[in-house]
Amino acid sequence: MLSKSIESALNNQVRIEAESSQAYLSMAVWAEVKGLEGISSFMYDQSNEERQHMLRLVKFINERGGHAHISELTAPNVTFRSYQEIFEKFLEHEVLVSESINELVHIALQEKDYATHNFLQWYVSEQIEEEAVARTILDKVKMIGDDKGGLYLFDRDIKLLTVK
Ligand code: OFO
């Protein structure tokens, strides 16, 4: 059974995962409209993954006797200066999510809720992986800079990059 404070901390993470999904969906749409098909499909994938992360939390909360809360979301950015900004925001966002997962792990340990602690380990690994992917991509984007040919190849090749 979840304590009220763990339930509310997990529900906060439900919202964060849902907002991540919306943020990446918005990036996918921006890239699609700009004709950056590869970046767009990468971001659609990220958005779907974040929704799965949200659902995994929803199920866990409900299975443990809590009540998952589906809340209002903060609207994401819809315009970006450049595709580089998308990947900067992508990494920034993943770092924030990792911090929030770490905080959750901390609360679970404090409350000696080992079931929740165990459940959260999947998210800890996932965040390590996602941050690494976001960093690698951003490094490449910075290397390309304003080179149009580089962007063309990057947009083609990013389709091959998936988080899993
Ligand atoms: Fe939900 O995995 Fe990253 O943010």
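Author: UniProt positions follow the numbering used here, feature names are shortened, and annotations may be inferred rather than shown by experiment. With that in mind, the unreviewed UniProt entry assigns the annotation "domain: Ferritin-like diiron" to residues 1–145. Residues are numbered from 1 along each chain as its sequence is written. The model is predicted, so that local features need pLDDT of at least 70 and side-chain atom pairs count only at pLDDT 80 or more, while totals for chains, interfaces and linings use all residues.

Reader: What is the mean pLDDT of the chain, and what share of its residues reach 70 or more?
Author: On the scale of pLDDT, which is the predictor's confidence in each residue and runs from 0 to 100, the chain has a mean of 96, and 98% of its residues reach 70 or more. The scores for the model are ipTM 0.94 and pTM 0.95.

Reader: How many helices and how many strands are in the chain?
Author: Helices (H or I, at least four residues) and strands (E, at least two) are taken as DSSP runs, numbered from the N terminus. On that basis the chain has 5 helices and 0 strands, and its pattern along the sequence reads α-α-α-α-α. Within the annotated stretch, residues 1–145, helix accounts for 80% and strand for 0%, with the end C-alpha atoms 51 Å apart. The C-alpha trace of the chain spans about 55 × 25 × 20 Å along its principal axes.

Reader: Which residues does the annotation "binding site" cover, and what makes them gather at one spot?
Author: According to the unreviewed UniProt entry, the annotation covers Glu17, Glu50, His53, Glu94 and Gln127. They span 111 residues in sequence, yet no two of their C-alpha atoms are more than 13.0 Å apart, so they gather at one spot.

Reader: How do you know that Glu50 counts as buried?
Author: A residue is buried if 20 or more other C-beta atoms lie within 10 Å of its own, exposed if 12 or fewer, and partly exposed in between, with C-beta atoms placed from the backbone. Glu50 has 23 C-beta neighbours inside 10 Å and therefore counts as buried. Its place is in helix H2, residues 37–63. Taking two residues to be in contact if their C-beta atoms, placed from the backbone, lie within 7 Å, and leaving aside neighbours within four places in sequence, Glu50 is in contact with Glu17, Ser20, Ser21 and Tyr24.

Reader: Why is Glu94 called buried?
Author: There are 21 other C-beta atoms within 10 Å of Glu94, so this residue is buried. Glu94 belongs to helix H3, residues 83–110, and, neighbours within four places in sequence aside, is in contact with Gln127, Glu130, Glu131 and Ala134. For the chain as a whole, buried residues make up 30% of the 164 residues. Of the contacts between residues at least 6 apart in sequence, 76% join residues at least 24 apart.

Reader: At what angle do the axes of helix H1 and H2 cross, and why is H1 called roughly antiparallel to H2?
Author: Axes are lines fitted to C-alpha atoms, for helices over the stretch in contact, and angles run from 0 to 180 degrees between N-to-C directions. The axes of helix H1 (residues 4–33) and H2 come within 8 Å and cross at roughly 165 degrees. Angles under 35 degrees count as roughly parallel, over 145 as roughly antiparallel, 65 to 115 as roughly perpendicular and the rest as oblique, and H1 is therefore roughly antiparallel to H2. The crossing in which H1 passes H2 is left-handed, a term used if the near helix is turned anticlockwise from the far one by less than a right angle, whereas clockwise would give a right-handed crossing.

Reader: What makes H3 roughly antiparallel to H4?
Author: The axes of H3 and H4 come within 9 Å and cross at roughly 160 degrees. That angle makes H3 roughly antiparallel to H4, and H3 passes H4 in a left-handed crossing.

Reader: Where is Lys112 found, and what makes this residue count as exposed?
Author: Lys112 sits in the loop between H3 and H4. With 9 C-beta neighbours inside 10 Å, Lys112 counts as exposed. Lys112 is not a glycine, although its phi is positive, about 55 degrees. Most residues other than glycine have a negative phi.

Reader: Why does Arg156 count as exposed?
Author: Arg156, in helix H5 (residues 148–157), counts as exposed because it has 11 C-beta neighbours inside 10 Å. From C-alpha to C-alpha, Arg156 and Gly38 are 5.6 Å apart in space, with their positions 118 residues apart in sequence.
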